[in-house]
Amino acid sequence: MYINIIGIVAGVCLLQISASLPPWAAWGGALALVALAALGVAGWRWRGPTWRVAMTTFVLAALAGYCYAAWRAESRLADALAAEQEGGDLEVTGIIASLPNDDGDSVRFIFEVEEAASGVPGRLSLAWYRTYGFGRESQRARVPELRPGERWRLSTRLKRPHGSATPGGFDYEAWLLARGLRATGYVRDGQRLAENAGGLMGTVHSLRADVRQRFEAVLSGAPYRGVLVALAVGDQNAIDQPQWDILRRTGVQHLVAISGLHVSLVALACGGLLAAGWRRVPWLTLRCPVRRAAAMAGLMAAVIYALLAGLGIPVQRALVMLTVAALSLLGRREASARRTLGLALLVVVVIDPWAVLAAGFWLSFGAVAVILLVMGGRVVPPRGWRAALRLQLAISFATIPVLVALFQGFSLVAPLANAFAIPLVSFVIAPLTLLAVMIPVDGLLEFAHLMTEWMMAALQWLAASQLALHEQPLPAPWLIAAASLAAGILILPRGTPGRLAACAIIGAFFFWRPERPQEGGFRATVLDVGQGLAVHVQTAKHDLLYDTGPRYGRTSDAGERTVLPYLRAWGVERLDAVIISHDDADHAGGTSSVLAKIEVGHVVAGQDFAGAHHIDAVENCVAGGAWSWEGVRFELLAPVEVVSGRRGNDQSCVLRVSAADGAALLLMGDIERGGESALVARHGGALASTAVVAAHHGSKSSSSSAFVAAARPAVVIFSVGYRNRYGHPHPQILSRWTDAGAKSLRTDRDGTVLLETDRQGLGAMGWREKHPRYWHGR
């Protein structure tokens, strides 16, 4: 059975990392049934060497999993927004199907469509903005109070799922696909049609909204109310970024994300309470054994808590695992823990084939597997605090490869932090919070918040240490898999074969570093930050960042969301220089986040950047500045001078990077035709470069014919946002570069663009081409 389950999961994983769906994906369900039938026949009739039977059953199971996942993927992708509907005004009628999230700039929610034009998918992710228009034409708008379960008729503008495609970054498109959200957009206007029209889940979400509202009212102004809201109703949006940083650095972020731990504790508590009373009533025990009654009570409590938490994907996964365990008891079958884990794994991937894309899937199942490895198969299992300590250390160690693969780091203080945080959350804070949901006594919430304050104070002290968090580059996939296997071997009892080899693999895992460019060469990465610019240039021993991307709102920017995760994935611990081309928000929006989170040698900027951002020690970008790193030359070409108070795109800092073999990259900022003309007049043919990042994102105000003729690049890159409001790059500019013989790459279509010098010159490739997935562009 275990080989079959592992094979099915392997087949599902193979499909989820595929570049495209097979042409027969629509028939995948039928083919999966055929493969399962063949698997049954092979197991029943075939006799032969054990290894051959095992290999055959594994392959057939993997084929069944692959076909099934392909069929599910094709079915979900078929519910797509028609291309002709993108960007147009669309009227949709439906139900608000989630807790609305107010981030200050907008209110975001999930909308289940009941009535719409042809080509509109069934589930949408919408935002209702408080500000419409841009610049001088912007105006404030009133967003009505939105509640789950309400039916609305909305005027919307939609677009297909699209997110940043960057090494080490978050795959927003995969996240949307896993949740069945097949279009995103914003609301222009709306009319409420009915209040309680959402059925069971609408009523549940409405109750969750009431709980959240009461918590926020009782704990108004309390710093950690978001933690209690997250524990009660699963809404983590109220936890601010500094608090998330503390939780991440101490390795306890799992405690505020409702998962198997919380659901299981609720089930155990309720089941235990019922069992305590049940066994004291003889006629009840005669009709139903205590264990079965407790299992039913625990399962019912878990279902109620899962509903209260919103039935998110992690909660669904935990509920499935608990249901499998409870049903084995109700069916009067003493299923082993290993069998229960295997069945839960199978049920989860059958219900949700995209679960394997989630970090929680690997961490939750991995943690349970570690518990079974540590506690099972021993003559005298450890007990008491020794067992708890051994389990915590084993889980912390065994999950390191997965944590590095997913987050490029792990907490060194996690065992200590979890040692007091898990009991405090499990037995004090969470019970008080859930009790406050059922009993509206303010004192319960206030005491729970006091305990949370004490816990966060201790965690903050631990997080302040420079040694709290170990970060390292993203290793190769084969090394992650090998290190995971090695960690599993090392937590087995002493005497297990292969421990020496496992230690060597773990050592290689920790010391692995990505290859840097050779002497005289460079690697440049134009990051996919949307409508903005951020470029990382790396030589054999130095790193430079040109621009830091845009701001995305009041609380988020490209520095935090894209630039820093990318730098962590590539093992960049220090930036020798940061150049800010000019002070526009789409080029300098992420500067504060970058400067706060990574060591920087010096900052160079065009315009009066230091005064505007209150940053000390900023050097002015002035034409004529130059330096070399490992045979790679960096030249500042513009502006000729920085005049205090003077602003404008022509004050952009222009940088030219040239390798020893002559390959060159030209970074233009937002310089316009006047600035380009001055460059051509001063440098003429010396502007010729292998690659150019087009000025001003391909606007008509830049890329003049004279400049294009002088630059003569083989590759031109446009850093633009998907369906951006400016229409960048302009078709006329695209044609001008194409007519000059340049290959066009654009971040909205190709994702992050990778440029690297080699023996053939400067190679260029988009991340979506190098790392394709079947959902890209769909």
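Trainee: Leaving aside its neighbours within four places in sequence, which residues is Gln243 in contact with?

Mentor: Keep in mind that this is a predicted model. For a contact list, set the sequence neighbours aside and see what remains. Here Gln243 touches Pro223, Tyr224, Val227 and Met456. Gln243 itself is in helix H7, which covers residues 241–250.

Trainee: Is Gln243 buried or exposed?

Mentor: Go by the relative accessible area: under 20% means buried. Gln243 is at 7%, so Gln243 counts as buried.

Trainee: And Ile439, how do I read that one?

Mentor: Use the relative area again, then look at the location. Ile439 has 38%, so Ile439 is partly exposed. Its place is in the loop between helix H16 (414–438) and helix H17 (442–463).

Trainee: Which residues form a nonpolar patch on the surface with Ile439?

Mentor: Leu435, Met438 and Val441 join Ile439 there. Together, the four have about 350 Å² of accessible area.

Trainee: Now the inside. Which residues of the largest nonpolar core touch the most other members?

Mentor: A nonpolar core is a set of buried nonpolar residues joined through side-chain atoms, and you can look for its best-connected members. The largest one here has 54 residues, and Phe215, Leu228, Val263, Ile429, Met455 and Leu459 touch the most other members. As for who builds it, helices H5 (199–218), H6 (225–233), H7, H8 (260–278), H10 (290–308), H11 (313–330), H16 and H17 each supply at least two residues. There is also a second, separate core of 31 residues, with Ala524, Val537, Phe634 and Ala663 among them.

Trainee: What does Leu228 touch, not counting residues up to four places away in sequence?

Mentor: Leu228 touches Phe215, Leu219, Ile429, Thr433, Leu445, Ala448, His449 and Thr452. Two of the names on that list, Phe215 and Ile429, also appear among the core members with the most links.

Trainee: Zooming out, how does the radius of gyration of the protein chain agree with a compact globule?

Mentor: Set the chain's value beside the one expected for its length. For 778 residues a compact globule would have a radius near 28 Å, and the chain has 29 Å, which agrees. Along its principal axes, the C-alpha trace spans about 100 × 65 × 55 Å.

Trainee: What else should I note about the whole chain?

Mentor: The secondary structure comes to 28 helices and 25 strands. Buried residues make up 50% of the chain. Of the contacts with a separation of 6 or more, 68% are between residues 24 or more positions apart. Finally, the accessible surface comes to about 35400 Å², and carbon and sulfur atoms account for 59% of it.

Methods. Residues numbered from 1 in each chain as written. Predicted model: local features only at pLDDT ≥ 70, side-chain atom pairs only at ≥ 80, totals over all residues. Heavy atoms only, no water. Patch = residues over 30% accessible without salt bridge, like charges linked within 9 Å, V, L, I, M, F, W, Y side chains within 5 Å. Areas by Shrake-Rupley, 256 points an atom, 1.4 Å probe, with all protein chains shown as cover. Salt bridge = Lys/Arg side-chain N within 4 Å of Asp/Glu carboxyl O. Helix = DSSP H or I, 4+ residues; strand = E, 2+ residues; numbered from the N terminus. Buried < 20%, exposed > 50% of the residue type's maximum accessible area, 1.4 Å probe, protein only. Contact = heavy atoms within 4.5 Å. Rg over C-alpha atoms; globule rule 2.2 N^0.38 Å. Core = buried A, V, L, I, M, F, W, Y, C linked by side-chain atoms within 4.5 Å.
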